[in-house]
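Reader: I am new to this structure and should be grateful for a close look at a single part of it. Please begin at one end of that part and then set it within the whole.

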Amino acid sequence: MGMQSRGCAEARRGTRIEALKLAPPEFIVLSIARHYFETFAEPGAHGWLAATSDALACFGSDRGPRAGLSVLCAVQAMRQAREGVFRFNSARCPACSAWVSDHEKLFLNTLRAVVRGDAAAAEGFAAILCEGNAAEGFLKALGVLAEDCGMVAAVAEA
C-alpha cells in the first residue's frame with residue numbers, strides 16, 4: 001500500500017537504503033520487520049497482515065510462514081531487551097521506506113554479523129541496540145531468522 005503515513009516528513013530519516021547494499025533477503029527481512037514495528041507502535045494499522053503477505057510473497061508458501069514468524073520472534077526478543085523507543089521508518093510509505101534509521105541499521109548489522117558467524121561483532125551491535133541489556137535471546141532469535149530466511153546458506157555458498 002503506497003500511502004504516506006501521518007507523521008511523514010521529507011526530512012532526513014537516517015541512511016539512504018541504497019547505501020547499505022542490502023541483499024534481497026536482507027531487504028525483505030527489513031520490510032517484514034518494519035511491518036511488525038508498526039504493529040507494536042500502532043496496533044490498529046494491522047501491520048502484521050502486511051508482514052505475513054510479504055513473507056508469503058517473497059519466501060513462498062512453504063518457507064514464508066516460518067520466515068515471517070522468525071522475523072517477529074527476533075523483533076520481540078529485541079523489544080524485550082530494550083527499554084527505549086525504537087526508531088523505524090514505515091514500510092508503507094515510499095518516501096520513508098527509502099531511508100534506514102540508526103536503530104534499523106543496528107538491527108541489520110547485528111543480523112549480518114550473525115549470518116557471517118562473527119560472534120564478537122554480533123554481540124557488540126546487539127549490546128548497543130539492546131541498550132546494554134542481556135541480548136542473548138535476541139542473538140539466538142536472529143540465528144533462527146537467518147536459517148529460516150535462507151541467509152546462512154547464501155553466505156556459505158559465496
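Author: Let us begin where helix α5 ends: α5 is followed by Gly-150, a residue whose phi is positive, near 70°. The model is a predicted one, and every value below is to be read in that light.

Helix α5 itself covers residues 136-148, and its length can be checked by a short calculation. Its 13 residues, at 1.5 Å a residue, should span 18 Å, and the C-alpha atoms at its ends are 18 Å apart, so the expected and the computed span agree. Several of its residues are buried: Phe-138, Leu-139, Ala-141, Leu-142, Gly-143, Leu-145, Ala-146 and Asp-148. A general point helps in reading such a list. An α-helix has 3.6 residues a turn, so residues three or four places apart point the same way.

On the other side of α5, the loop that joins α4 (119-129) to α5 contains Gly-132. Is Gly-132 buried or exposed? The relative accessible area of Gly-132 is 63%, and Gly-132 is therefore exposed, since the cut-off for that class is over 50%. The C-alpha atom of Gly-132 lies 8.7 Å from that of Ala-81, although 51 residues separate the two along the chain.

Helix α3 allows a parallel reading. For α3, residues 102-116, the 15 residues should span 21 Å at 1.5 Å a residue; the end C-alpha atoms are 21 Å apart, which agrees. The buried residues of α3 are Glu-104, Leu-106, Phe-107, Leu-108, Asn-109, Thr-110, Leu-111, Ala-113, Val-114 and Val-115. Just after α3 comes Gly-117, which has a positive phi of about 80°.

Helix α3 also has a packing partner. Helix α1 (residues 24-41) packs with α3 at an angle of about 135°, and the two axes are 11 Å apart. The two helices are therefore oblique to each other, and α1 passes α3 in a right-handed crossing. On the α1 side, the contact is made by Glu-26, Val-29, Leu-30, Ala-33, Arg-34 and Phe-37; on the α3 side, by Glu-104, Phe-107, Leu-108, Leu-111 and Arg-112.

Leu-30, placed in helix α1, deserves a separate word. Leu-30 counts as buried because its relative accessibility is 3%, and the cut-off for buried is under 20%. Beyond its neighbours within four places in sequence, Leu-30 is in contact with Ile-17, Leu-22, Val-100, Glu-104 and Leu-108. With Leu-108, the separation is 78 residues in sequence but 7.6 Å in space, C-alpha to C-alpha.

His-35 belongs to helix α1 as well. With a relative accessibility of 5%, His-35 counts as buried. Setting aside residues up to four places away in sequence, His-35 touches Gly-47, Trp-48, Ala-50, Ala-51, Asp-54, Ala-91 and Arg-92.

It remains to place these parts in the whole. The chain has six helices and two strands, which run β-α-α-β-α-α-α-α from the N terminus on. Of its 158 residues, 44% count as buried. Among contacts between residues at least 6 apart in sequence, 68% join residues at least 24 apart. The chain exposes about 8,200 Å², and 57% of this area is supplied by carbon and sulfur atoms.

Methods. Residues numbered from 1 in each chain as written. Predicted model: local features only at pLDDT ≥ 70, side-chain atom pairs only at ≥ 80, totals over all residues. Heavy atoms only, no water. Helix = DSSP H or I, 4+ residues; strand = E, 2+ residues; numbered from the N terminus. Expected span 1.5 Å × (residues − 1). Buried < 20%, exposed > 50% of the residue type's maximum accessible area, 1.4 Å probe, protein only. Contact = heavy atoms within 4.5 Å. Areas by Shrake-Rupley, 256 points an atom, 1.4 Å probe, with all protein chains shown as cover. Axes fitted to C-alpha atoms, helices over the stretch in contact; angles between N-to-C directions. Parallel < 35°, antiparallel > 145°, perpendicular 65-115°, else oblique. Left-handed = near helix turned anticlockwise from the far one by under 90°.
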